[in-house]
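Here are a few exercises to work through with the model open beside you. Try each task before reading its solution.

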Amino acid sequence: MKFIKQALVVTALAAAACSAYAQEQFIPAIDYRVGPYAAGGSGFFGGAIDYMTLVNEKGGINGVKLVWEECESEYNPTRGVECYERLKKKNGGAALVEPLSTGIAYGILDRVAQDKIPMTTLGYGRSDAADGRVFPYVFPLITSYWDQAAAMIKYLGDKAGGLDKLKGKKIVHLYHDSAFGKEPLPVLDAYAQKLGFELIKIPVAHPGNEQQAQWLQIRQAKPDYVILWGWGVMNATALKSAQRNGYPREKILGVWWAGSEEDVIPAGEAAKGYTTMTFNTPGNYPVLDEIRKKVYAAGKGNLEDKSRIGSVYHMRGVTAAILWTEAIRKAQEKYGKGKVMTGEQVRWGFENLNVDDARLKALGAFGMMPPVKTSCLDHEGSGAAKVQQWDGVKWKAVTPNWITGDKAMIRKMVEESAAKYAVEKKITPRDCSKEG
Amino acid sequence: MQFFFEVLIAGLLSGVMYSLVALGFVLIYKASGVFNFAQGSMVYFAALTAVGLHDKGLSLWLSVPLTMVVMVVLALLIEKIVLRPLVAQPEISLFMATIGLSFFIEGLAQAIWGANVRALDLGIEDVPLEWVLEKANMAISQFDLIAAGIATVLVATLALFFSRTKIGRALRAVADDHQAALSIGIPLQHIWGIVWSVAGFVALVAGLLWGSRNGVQFALTFVALKALPVLILGGFTSVPGAIVGGLIIGASEKLAEVFLGPYVGGGLEGWFPYVLALLFLLIRPEGLFGEKIIRRI
């Protein structure tokens, strides 16, 4: 009898444990909090974890709590792939993955499709992955590099008094000499040909902590604008070098990875007036106040330095987590509310996202990011960006509305490039008309 | 022609900044015959400590000397824990130890002060000198000129220290043969402690100048990469060689980037100094000012 009682207790405990386990959705956090890009990694994943904590504080997603495990990649592709392999099957399997690194994203691109785990690459990675027919498990959400480059030209055109006014102007593309820096070249070349401006390409060798030669060339060329496509120490160095060569910072337009507080504060006065692209409108939002109140006040905040709440990287992390949780919520609507979703089901959620203004308002993030509506054909969901300017203390939006470039031209380039990739990898593109 | 000279001057001034980092390598090499892989990490550690103390509310006048004290303590600990057990061991063992040390120092710096990027304002404006800009239409930064001045004073002081002082001569003896130096009564531990402290001081100066220029961040460890070709060119054992090597590397990489770059797609700065250093190695393996070693077989 005693044995039966003990067995019953053990069975009950195991069942309870299983039931608790069944209500947890696992998200691996392949992050980087040390090394050369720690500022980006800690801010982004700090924001994402803060938002997921907030969701849990409010009862999870229809009762399903989010759990995560961090793995330090140091922005190193080899370590990143190792982290992915270590975490992908943990806690019942990963719902999604976000490596925040083009190198790691490339490293696991084929693996995520095999493992049926959706990968988000917010504002980075392969631009042609926006074509969901060829890349069913990759989601370059909000805006890809190509759409960003197109939005840059739109903004510079507006600044000049119209796109036609760019004819005969000189634009320097100062870029990190890597796949990241070269990614927008097809778009910039196409625009240069279409609009008749001169595009001067000047690479900067990694890590970019010495740029006097490049800025002397810029001084010599006397360009109308400089597009700064940098990352890490390259950005502050570029701003300092611009100052020492007397180039006005107001004429420099940075990529969004060159537009955080960590990029401008080290440059001091040299950064004043500098503009960059962004997919978040700088400012404060109800969702950030909620994070302060319900997460940090309860001692559950992820960032040591509370002043980083609402910073560019933190807000970008919050944005990512909003889209992750909305995808899980969407998947639950189809596959069962209050249930733990598989990677494949979450992929469907990502493909059917509709985070419109009304939803953003409900989430306390209205205006913080552009509305996102994805489909089988379009894994990007927006293509919009804004321009922000550093006033010496904080970022301020200088474009009141979201701007987009020539979307039709970019879509054509995306489809051509994706089709090429499909042939190369022997992928049969999905027929979106048959997708549910 | 005016543009050529502008690029040349900018290159020479950049070269001085490389020399500052190269000096730290030379010091350790002179004392132990070992290439100190951890020099870049020491630059980062020193700059982060100085700015970290400054952020805690101390003035720079206080945080910089305090950092120097920290660097001396670090040097003594390195000597006691890492170097002393390796006396008379093959040089490769010492080199491997400095690799480990490099990762340890990087981790320690981030564990103590965090990995955030920080600004450092030394009060020296990094803007072009107006009268040069007006008269010659050249953008010469006053920050670079001051940095060049500091490097020159540092090199002159260290050159005198090595050639005119007892410690300097003892140091050269230690570099030649640890055991022979010990047998004639040269206190090896004492010498290594001093040299690593001086290398710490050089790292602090380099860290402050580079940190003020680009921000105090992990990428400071990469400036060591710029020092390697300087050392190959100038010689691993020569203090003046570090400065001459720096000037040659700085000037040649800038001229190559500006005038050859457009023909090969740019981005030469990353590899051109190494090619140049390699060519020098073929002609003069000991570098311009290095000691020529003749071994009898």
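## Exercise 1: Two domains

In this predicted model, the C-alpha centres of domain 1 of chain A and domain 2 of chain A lie 31 Å apart.

**Task.** Find which residues make up each domain of chain A, and how many residues of each are in contact with the other.

**Solution.** Start with the bounds: domain 1 of chain A covers 2-143 + 285-374, and domain 2 covers 146-278 + 388-405. Next, look at the contacts: 22 residues of domain 1 of chain A touch 17 residues of domain 2 of chain A. Together the two domains bury about 1700 Å², with 61% of that area on carbon and sulfur atoms.

## Exercise 2: Across the interface

**Task.** Locate the salt bridge between domain 1 of chain A and domain 2 of chain A.

**Solution.** The rule finds one salt bridge across this interface. Now check Glu262(A) and Arg308(A): their side chains meet in a salt bridge at 3.2 Å, N to O, under a cut-off of 4 Å. Then add the polar contacts, which come to eight residue pairs between the two domains of chain A. On the side of domain 1 of chain A that touches domain 2, helix 12 (residues 312-335) gives the most, with three residues. By class, that side has 13 nonpolar, six polar and three charged residues.

## Exercise 3: A disulfide

**Task.** Work out the handedness of the disulfide of Cys71(A) and Cys83(A).

**Solution.** First, the sulfur atoms of Cys71(A) and Cys83(A) are 2.0 Å apart, and the pair forms a disulfide. The torsion about their S-S bond is about -70 degrees, so the disulfide is left-handed. Finally, place the ends: Cys71(A) is in strand 2 (residues 65-72) of chain A and Cys83(A) in helix 3 (residues 77-87) of chain A, twelve residues apart.

Conventions. Residues numbered from 1 in each chain as written. Chains lettered and ligands numbered in written order. Predicted model: local features only at pLDDT ≥ 70, side-chain atom pairs only at ≥ 80, totals over all residues. Heavy atoms only, no water. Domains from an automatic or database assignment. Contact = heavy atoms within 4.5 Å. Buried area = accessible area lost by both parts, 1.4 Å probe. Polar contact = N/O pair within 3.5 Å; in protein donor to acceptor, adjacent residues only side chain to side chain. Helix = DSSP H or I, 4+ residues; strand = E, 2+ residues; numbered from the N terminus. Nonpolar A, V, L, I, M, F, W, Y, C, P; charged D, E, K, R; others polar. Disulfide = S-S within 2.5 Å.
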